[in-house]
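Me: I would like to go through this structure by question and answer. Please keep the replies short.

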Amino acid sequence: MKPTFINRIISSSFLVAGAAVILLPFVWMLSLAFKPRDEIFSTSIQLLPSRLEWSNFIFALTETNIPLFLWNGTVVVLGILVFQVMFAVPCAYALTQRRFLARKLIFGLVMIALMVPFHVTAIPIFLGFAQVGILNTYWALILPFIPTAFGIFLFRQFFAQLPSDLFDAARVDGLSETAIVWRIAFPLALPAATAFAIFSVTTHWNDLFWPMIATTDPNLATPPRGILYFRDEESGDNVGPLMAAAFIVTAPLVILFLMAQRKFIQGLASGGIKG
């Protein structure tokens, strides 16, 4: 019993230390967001502010375009997520519950696509969008990410665990394949869908690379791009409102994860049981 107890203490200590290292930048960001200007540039290091400076948040929300950046980010990530699910779920269902020629080959191509970073295809996509004339639009920020190899893989792993008899019974009852996908398969895959939604929203909410390439209009800036505009506008020295804006941008992701963490863990665990 003692060695097990000691091992747990050691493991917990490493986990706490790792969590502290990861959370330290966020804690420091929050501390600066509430500090008055004179304490931010103080020579001494003080984690807790002497008084809460709410004016930093008021300035960030009223004197800048942070609300617009948050709206743009919401439109983009939800647009990407909806279209990704619309395409990934039927593809994953077909790869597991339908028998057709080259099915394994197609799944192999999906696995290969997982290893190709988006940066490799960014320039051809940019040139194509420039020819079509959809740069500086929401579509330019959404369309490149609709095909998702990771989404197909994750849903495929989940659907592979479902018994084929369930879908055969639905066919006997007269349901079409489309109805089976959205009325039976997808509701059963909600844990996987939750996990995928968190990955997708987090990735594209924090994405700075593609918005800097596809858009130059400040009115279309997503939150990370908007923070750069904020920094340029403030010349980098109005740190309190800048940290408040960074906290406002980060908070939705933290809230989303806390609300869905149980489904998130369940989705990842169930998606890795069967290959």
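Reply: Patches are made of residues with over 30% relative accessible area and no salt bridge; like charges are joined within 9 Å, and nonpolar side chains (Val, Leu, Ile, Met, Phe, Trp, Tyr) within 5 Å. A salt bridge here is a side-chain nitrogen of Lys or Arg within 4 Å of a carboxyl oxygen of Asp or Glu. Areas are Shrake-Rupley values with a 1.4 Å probe, and for residues only the protein chains shown count as cover. The model is predicted: local features need pLDDT of at least 70, side-chain atom pairs count only at pLDDT 80 or more, and totals for chains, interfaces and linings use all residues. Residues are numbered from 1 along each chain as its sequence is written, and side-chain values use heavy atoms, with hydrogens and water left out.

Me: Which helix gives the largest share of the nonpolar patch?
Reply: The patch covers about 910 Å² and includes Leu105, Met111, Val116 and Phe199. Helices are DSSP runs (H or I, at least four residues), numbered from the N terminus. Five patch residues come from one helix, the largest share: α5, residues 103–114.

Me: Is valine 116 buried, partly exposed or exposed?
Reply: Valine 116 sits in the loop between α5 and α6 (118–132). Buried means under 20% relative accessible area, exposed over 50%, partly exposed in between (1.4 Å probe, protein chains only). Valine 116 has 42%, so the class is partly exposed.

Me: How many residues has the largest nonpolar core?
Reply: A nonpolar core is a set of buried Ala, Val, Leu, Ile, Met, Phe, Trp, Tyr and Cys residues joined through side-chain atoms within 4.5 Å. Ile66, Tyr93 and Phe159 are among those with the most contacts inside the largest core. Its residue count is 53.

Me: Which helix supplies the largest share of this core?
Reply: The share is 11 residues. They come from the helix of residues 66–97, α4.

Me: What is the angle between the planes of phenylalanine 83 and tryptophan 139?
Reply: Rings of Phe, Tyr and Trp (its six-membered ring) pair if their centres lie within 6.5 Å; planes under 30 degrees apart count as stacked, over 60 as edge-to-face and the rest as tilted. Phenylalanine 83 and tryptophan 139 lie 5.9 Å apart, centre to centre, and the pair is tilted. The angle is 50°.

Me: How far apart in sequence are the parts tied together by phenylalanine 118 and phenylalanine 209?
Reply: This pair is edge-to-face, at 6.4 Å and 90°. Phenylalanine 118 lies in helix α6 and phenylalanine 209 in helix α12 (residues 209–214), so the parts tied together are separated by 91 residues.

Key. Helices (H or I, at least four residues) and strands (E, at least two) are DSSP runs, numbered from the N terminus.
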